[in-house]
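Trainee: Could you take me through this structure feature by feature, giving the general idea before the particular case?

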Amino acid sequence: MDEEVRPVGDRPLVTKKLINYTKMVVDTVTALDDKQYIVMFIGTADGWIHKVVHIGARAHAIEEMQVYKEPQPVESLVLVGDQVWPQHVSRANLDTWAELQR
């Protein structure tokens with residue numbers, strides 16, 4: 001899907017000063033209270049992934065993950081189970097990639 005997707009309410013759910021977002025993956029998760037929440041994984045131009053949960057009318061950043069050791073844009077994302085990875089990392093190398101990021 002390469003078409004523009006307009007946000008609900010015609011305004012962005014997430015903004016952050018001086019951050020350029022590049023890619024997004026969205027998932028719906030069921031929490032321990034059996035409520036469903038929208039979770040967004042958003043890549044940045046400098047190599048980070050922001051994990052944001054949408055609750056009610058607000059979005060809350062709950063985690064920031066550095067994807068690359070050297071700053072570079074997150075150009076594509078793939079959702080694997082309950083985690084998100086840069087697409088260029090093969091499924092066979094996910095454990096190795098995750099260890100390198102620690």
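Trainee: How many helices and strands does the chain have, and in what order do the elements run?

Mentor: Start by counting the elements and then read them from the N terminus, keeping in mind that this is a predicted model. The chain has one helix and six strands, and the order is β-β-β-β-β-β-α, with the helix at the end of the run.

Trainee: What share of the chain is buried, and how much accessible surface is there?

Mentor: Of the 102 residues in the chain, 26% are buried, a class that requires under 20% relative accessible area. The accessible surface comes to about 7700 Å², and carbon and sulfur atoms account for 50% of that area. As for contacts, among those with a separation of 6 or more, 33% are between residues 24 or more positions apart.

Trainee: Which residues form the largest nonpolar core, and which strand supplies the largest share?

Mentor: A core is read as a set of buried nonpolar residues joined through their side chains. Here the largest one has ten residues, namely Val25, Tyr37, Val39, Phe41, Ile49, Val53, Val67, Tyr68, Val74 and Leu77. Strands β2 and β3 each supply at least two residues of this core, and β2 gives the largest share, with three. Tyr37, one of the core residues, also has contacts beyond its neighbours within four places in sequence, and these are with Asp27, Thr28, Val29, Ala31, Val53, His54 and Ile55.

Trainee: Where is Gln36, and is Gln36 buried or exposed?

Mentor: Gln36 is found in strand β2, which covers residues 36-44, and Gln36 counts as exposed because its relative accessible area is 58%, where the class begins over 50%. Leaving out residues up to four places away in sequence, Gln36 touches Thr28, Val29 and Thr30, and with the last of these there is a polar contact between the two side chains, at 3.4 Å.

Trainee: How is the position of His54 to be read, and which residues does His54 touch?

Mentor: His54 is placed in strand β3, residues 48-55, and its side chain reaches the backbone oxygen of Gly56 at 3.3 Å. Beyond four places in sequence, His54 touches Leu13, Tyr37, Ile38, Met40 and Ala59. For a view of distance along the chain against distance in space, take Gln36 and His54, which are 18 residues apart in sequence and 10.0 Å apart from C-alpha to C-alpha.

Trainee: Which residues make a nonpolar patch on the surface?

Mentor: Met24, Val26 and Ile38 make a nonpolar surface patch of about 260 Å². Met24 belongs to strand β1, residues 21-30, and Met24 counts as partly exposed because its relative accessibility is 48%.

Trainee: What is notable about the phi angle of Asp34, and where does Asp34 lie?

Mentor: With backbone angles, one checks the sign of phi together with the residue type. Asp34 has a positive phi of about 65° although it is not a glycine. Asp34 is in the loop between β1 and β2, and it counts as exposed because its relative accessible area is 65%.

Trainee: How do Thr44 and Gly47 relate to each other, and are they buried or exposed?

Mentor: Thr44 lies in strand β2, whereas Gly47 lies in the loop between β2 and β3. Thr44 counts as buried because its relative accessibility is 1%, and Gly47 counts as buried because its value is 0%. The side chain of Thr44 reaches the backbone nitrogen of Gly47 at 3.4 Å. Beyond four places in sequence, the residues that Thr44 touches include Ile19, Tyr21, His50, Gln72 and Val74, while those touched by Gly47 include Met65, Gln66, Gln72 and Val74. Gly47 and Gln66 are 19 residues apart along the chain, and their C-alpha atoms are separated by 6.3 Å.

Trainee: Where does Leu79 lie, and how far is Leu79 from Phe41?

Mentor: Leu79 lies in strand β5, residues 77-80, and Leu79 counts as partly exposed because its relative accessibility is 29%. Leu79 and Phe41 are 38 residues apart in sequence and 8.9 Å apart in space, C-alpha to C-alpha.

Definitions and conventions. Residues numbered from 1 in each chain as written. Predicted model: local features only at pLDDT ≥ 70, side-chain atom pairs only at ≥ 80, totals over all residues. Heavy atoms only, no water. Patch = residues over 30% accessible without salt bridge, like charges linked within 9 Å, V, L, I, M, F, W, Y side chains within 5 Å. Areas by Shrake-Rupley, 256 points an atom, 1.4 Å probe, with all protein chains shown as cover. Salt bridge = Lys/Arg side-chain N within 4 Å of Asp/Glu carboxyl O. Helix = DSSP H or I, 4+ residues; strand = E, 2+ residues; numbered from the N terminus. Buried < 20%, exposed > 50% of the residue type's maximum accessible area, 1.4 Å probe, protein only. Polar contact = N/O pair within 3.5 Å; in protein donor to acceptor, adjacent residues only side chain to side chain. Contact = heavy atoms within 4.5 Å. Core = buried A, V, L, I, M, F, W, Y, C linked by side-chain atoms within 4.5 Å.
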